[in-house]
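Colleague: I am new to this structure. Please take me closely through one part, the nonpolar core, and then what lies around it.

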Amino acid sequence: PPGCASWHSRSCTPTTANISHDSPMEKYSEPHIIDLPCIRDPRGNLTFVQNGDSRLPFDIARVYWTYDVPAGEERGSHAHHQGQELIVALSGSFNVELFDGVATRTFTLNRPFQGLYVPPGLWRTLDNFSSGSVCMVLTSVPYDEADYIRDYDEFIALSLGKNKDKE
């Protein structure tokens, strides 16, 4: 597949490195695309992620996926206090809009060997799901309703406090 180079060992590595390695903490403070391992095989390609992999800045505590999202529907519309996520389009495509209270960034996910790292404290909305798309999310914490910020006004108040602390 595009972005996945064939090697003699039939394993492949994505051709782009989108992670800044200047500071160990810096690469986990901002949302970014993480290239995952890809093993190319004529019988079908395989991509994986596992605890202990240096690409993933957290241990996986929970995995869930959404599918059969009706046309025009959105998912997400919340933020997390502590939870970190890796969002992967296993099939199809969709957009992930992230908002920190000041600026918005939109990522289009459409490759099963790439995931979007989402640090805590960002409001996320997933939309524009293609037919047959599957969204897998790996999280750093087990499900805990107390970790969710579901009220947008509460999120704005919290993000304004964080952004003021950065000044």
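Modeller: Start with the largest nonpolar core, in what is a predicted model. This core has 16 residues, and those touching the most other members are Ile-87, Phe-94, Val-96, Leu-109 and Leu-116. Two or more residues come from each of β7 (85-91), β8 (94-99), β9 (104-109), β10 (114-118) and β12 (134-139). Strand β8 gives the largest share, three residues.

Look at Leu-116. Leaving out residues up to four places away in sequence, Leu-116 touches Pro-31, His-32, Ile-33, Glu-85, Leu-86, Ile-87, Val-96, Leu-98, Phe-107 and Leu-109. There is also a second, separate core of nine residues. Among its members are Ile-34, Phe-58, Leu-86 and Val-88.

Now the rings. The structure has eight aromatic pairs. One of them joins Phe-99 and Phe-155: the centres are 6.2 Å apart and the planes meet at 55°, so this pair is tilted. Phe-99 sits in strand β8 and Phe-155 in helix α2 (residues 152-166), so the pair ties together parts 56 residues apart in sequence. Phe-99 is buried, at 15% relative accessible area. Phe-155 is buried too, at 2%.

Trp-123 and Tyr-152 make an edge-to-face pair, with 5.2 Å between centres and 85° between planes. Trp-123 belongs to strand β11 (residues 123-127) and Tyr-152 to helix α2, 29 residues apart. Trp-123 is buried, with a relative accessible area of 9%, whereas Tyr-152 is partly exposed at 38%. Ring pairs join Phe-99, Trp-123, Tyr-152 and Phe-155 into a cluster.

Key
Residues numbered from 1 in each chain as written. Predicted model: local features only at pLDDT ≥ 70, side-chain atom pairs only at ≥ 80, totals over all residues. Heavy atoms only, no water. Core = buried A, V, L, I, M, F, W, Y, C linked by side-chain atoms within 4.5 Å. Buried < 20%, exposed > 50% of the residue type's maximum accessible area, 1.4 Å probe, protein only. Helix = DSSP H or I, 4+ residues; strand = E, 2+ residues; numbered from the N terminus. Contact = heavy atoms within 4.5 Å. Phe/Tyr/Trp six-rings, centres within 6.5 Å; stacked < 30°, edge-to-face > 60°.
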